[in-house]
Amino acid sequence: MATVILDAGHGGWDNGAMYNGRKEKDDNLKLALAVGKKLEDKGIGVDYTRTQDVYDSPLEKAKIANASGADYFVSFHRNASPDNNQYSGVQTLIYNEGDVKEKLANEINKGLENVGFDNLGISVRNNLAVLKRTNIPAVLIETGFINTDKDNLIFDENFEAIAESIADSINRVINNQASSYYYTIQVGLFRNEENAKRLANELISMGYTVKIGMVNGYYAVWVGNFKDMNQAKRIERVLQEDGYETWIIAV
Ligand SMILES: [Zn+2]
C-alpha cells in the first residue's frame, strides 16, 4: 500500500501568514487532515508531520517524513502577497523539474483550477528544507492567498471539494493514471476580449505562436505549446526580457 505523509505548514508559535485574525497554520492543518481522511477512504496509507497545533522546524518535518517510510510528501501552505488582495490563485512548489513530483504538482494545480482557483502553475524552489531535505517525491501546495478575500471565499465555500480534488490528484499519480500535459506560457489574462486580441496580435507580429484560451471566464493569452518544461522556460525568459509578465501553465 502506498503511503503519503501530509505536512500542515507552520504550527505552534509559528502562525505562518495572517490576515484579519486568520492564521495560515490553522487553514493548513484543517486541509491536511481533510485530505488525509479522503486518502484513507481511497485505501491509501496516511501519515502526518503534525495533527495538532505544535511547532517543528521545516528541517525537522523533513526528517519526520524521511523516518516515516512514506512514499510521497505533500506540504500544505497558503500564499501571502505584500499587499492585500494583490494576487490570487494556487501554486505548487517543487525542488526541481522532472519526474513524478512535477506530474503530481501539475495534477494538483489542474484539479484546484477546476474547483475555482486561478492556476498560477508550478514554481521551482531549491531553498526550502521540506522540499530539499525530504528524500521522497515532495510537493508544497500554496492553496490560494490568505490575504486575498476571493481566495479565502473559494477556500471556505469549496473546502470539501478542494480536499477531494487534492486527494484525487494524489491517488491518480500513485496509480499512474495522471494525464500528460503540455506547457504553455501565459502572458496575460483579460476580462475584455479586445484587450486579449490586442496583446495576441502584438505577440504574433513578434513571431510567437499565440492562442487565446479561457480561464474561469477570462481571456488568457498563451504562447507556444511545449512538451518539455525547460523549453517553455527558455522562451519565457525571452518574453520576460521583453518586459512581459508571464507564468507557465499546464494545459
Ligand atoms: Zn506557509
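This passage looks at one helix, α8, and then at a six-stranded sheet with two helices packed on it. The structure is a predicted model, in which local features need pLDDT of at least 70 and side-chain atom pairs count only at pLDDT 80 or more, while totals for chains, interfaces and linings use all residues. Residues are numbered from 1 along each chain as its sequence is written, and side-chain values use heavy atoms, leaving out hydrogens and water.

Helices (H or I, at least four residues) and strands (E, at least two) are DSSP runs, numbered from the N terminus. Helix α8 covers residues 229-241, and its end C-alpha atoms are 18 Å apart, which agrees with the 18 Å expected for 13 residues at 1.5 Å a residue (the expected span is 1.5 Å times one less than the number of residues). M229, A232, E236 and L239 of α8 are buried, meaning under 20% relative accessible area with a 1.4 Å probe, protein chains only. These residues lie on the same side of α8, because they cover an arc of only 70° around the axis, taken from the directions from the helix axis to the C-beta atoms. Just after the helix comes G243, with a positive phi near 95°.

Turning to the sheet, six strands form an open arrangement in the order β4-β1-β5-β8-β6-β7, with mixed pairing; two strands pair if DSSP finds at least two bridges between them. The edge strands, β4 and β7, each pair on one side only. Strands β6 and β7 run parallel and are joined by four bridges, and L93 stands opposite S123 in β7. Helix α2 packs on this sheet, touching β1, β4 and β5, where contact means heavy atoms within 4.5 Å. Helix α3 lies across β5, β6, β7 and β8.

How values were computed: Buried < 20%, exposed > 50% of the residue type's maximum accessible area, 1.4 Å probe, protein only. Axes fitted to C-alpha atoms, helices over the stretch in contact; angles between N-to-C directions.
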